[in-house]
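Have the model open in your viewer and let's walk through it together. We'll start with the strands and work outwards from there.

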Amino acid sequence: PPPGEPSLQGHSTAEWVTAGGTGGYLKVVTKNLRPGYLRKNGVPYSANAVLTEYFDKVPGPGGSQWLVLKTIVEDPLYLTQPFIISTHFKKEPDGSKWNPTPCEAR
C-alpha cells in the first residue's frame with residue numbers, strides 16, 4: 001500500500017515494459033492522490049482516481065525523435081470512462097531554443 005496520507009503527487013510505481021523489437025516503454029501508475037481537478041476549471045477527481053502514464057520514444061520523419069506521453073485517468077466516482085490525453089515532445093538537437101523566464105504570481 002502507498003505510504004502516508006494522500007498528496008497532490010500521490011504514490012507512483014514504474015516499470016519498463018519491453019514490446020517486440022521497439023525497445024519498450026515506461027509505464028507509471030500513480031495512486032494515493034489527494035482529490036483535485038483534471039484541469040483548472042474542469043472535472044474533479046476523487047481519492048480513488050488512478051493515473052497511468054506511458055512514456056514512449058518514437059522515430060519521426062527526417063530522423064527526428066519524439067517522446068509521446070499517453071496519460072489515462074480512471075475514477076469510478078466522477079468519470080464514466082477513462083480520461084485520455086496524448087502529449088508529444090520533439091527532441092531538439094541542442095539547447096539553443098531553451099530560454100526559460102521566471103514565473104509571475106497573479
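Before we talk about who sits across from whom, a quick definition: two strands count as paired if DSSP finds at least two bridges between them. With that in hand, look at Thr30, whose bridge partner in β5 is Leu51. This contact belongs to the pairing of strand β2 (residues 25-31) with strand β5 (residues 50-59), which is antiparallel and spans five bridges. Keep in mind that this is a predicted model. Its mean pLDDT is 92, and 96% of the residues reach 70 or more. Among the elements, β6 has the highest mean pLDDT, at 97, while strand β3 (residues 36-37) has the lowest, at 94.

Now zoom out to the sheet. Five strands make it up, in the order β1-β2-β5-β6-β7, with antiparallel pairing, and the sheet is open. The edges belong to β1 (11-17) and β7 (83-90); each has a single partner strand, so one side of each has no neighbour in the sheet. On average, neighbouring strands here are turned by 15 degrees against each other, if you ignore direction. As for what holds such an arrangement together, strands of a sheet pair through backbone hydrogen bonds, either parallel or antiparallel.

Moving along the sheet, β5 and β6 run antiparallel and are joined by 10 bridges. One pair to pick out is Val58 and its bridge partner in β6, Trp66. The hairpin of β5 and β6 has five residues between the strands, and there Gly62 takes a positive phi near 70 degrees. Another positive phi, of about 60 degrees, turns up at Asn32, although Asn32 is not a glycine. You'll find Asn32 in the loop between β2 and β3. Is Asn32 buried or exposed? Its relative accessibility is 16%, so Asn32 counts as buried, the cut-off for that being under 20%.

Next comes the step from β6 to the edge of the sheet. Strand β6 (residues 65-74) pairs with β7 in the antiparallel sense over eight bridges, and Lys70 stands opposite Ser86 in β7. Also in strand β6 is Leu67, which counts as partly exposed at 34% relative accessibility. If you want a feel for distances, try Leu67 and Thr13: they are 54 residues apart in sequence and 20 Å apart in space, C-alpha to C-alpha.

Follow the chain into the loop between β6 and β7 and you reach Tyr78. Its relative accessible area is 42%, so Tyr78 is partly exposed. Tyr78 joins Val43 and Leu77 in a nonpolar patch on the surface, and together the three have about 290 Å² of accessible area.

Last stop: charges. Side chains of opposite charge can pair when their charged atoms come close. How many salt bridges does the structure hold? The structure holds one, formed by Lys97 with Glu92, whose closest N and O atoms are 3.3 Å apart. That fits the criterion, because a salt bridge needs a side-chain nitrogen of Lys or Arg within 4 Å of a carboxyl oxygen of Asp or Glu. As for exposure, Lys97 is exposed, with a relative accessible area of 63%, whereas Glu92 is partly exposed at 34%.

Definitions and conventions. Residues numbered from 1 in each chain as written. Predicted model: local features only at pLDDT ≥ 70, side-chain atom pairs only at ≥ 80, totals over all residues. Heavy atoms only, no water. Helix = DSSP H or I, 4+ residues; strand = E, 2+ residues; numbered from the N terminus. Axes fitted to C-alpha atoms, helices over the stretch in contact; angles between N-to-C directions. Patch = residues over 30% accessible without salt bridge, like charges linked within 9 Å, V, L, I, M, F, W, Y side chains within 5 Å. Areas by Shrake-Rupley, 256 points an atom, 1.4 Å probe, with all protein chains shown as cover. Buried < 20%, exposed > 50% of the residue type's maximum accessible area, 1.4 Å probe, protein only. pLDDT = per-residue confidence, 0-100.
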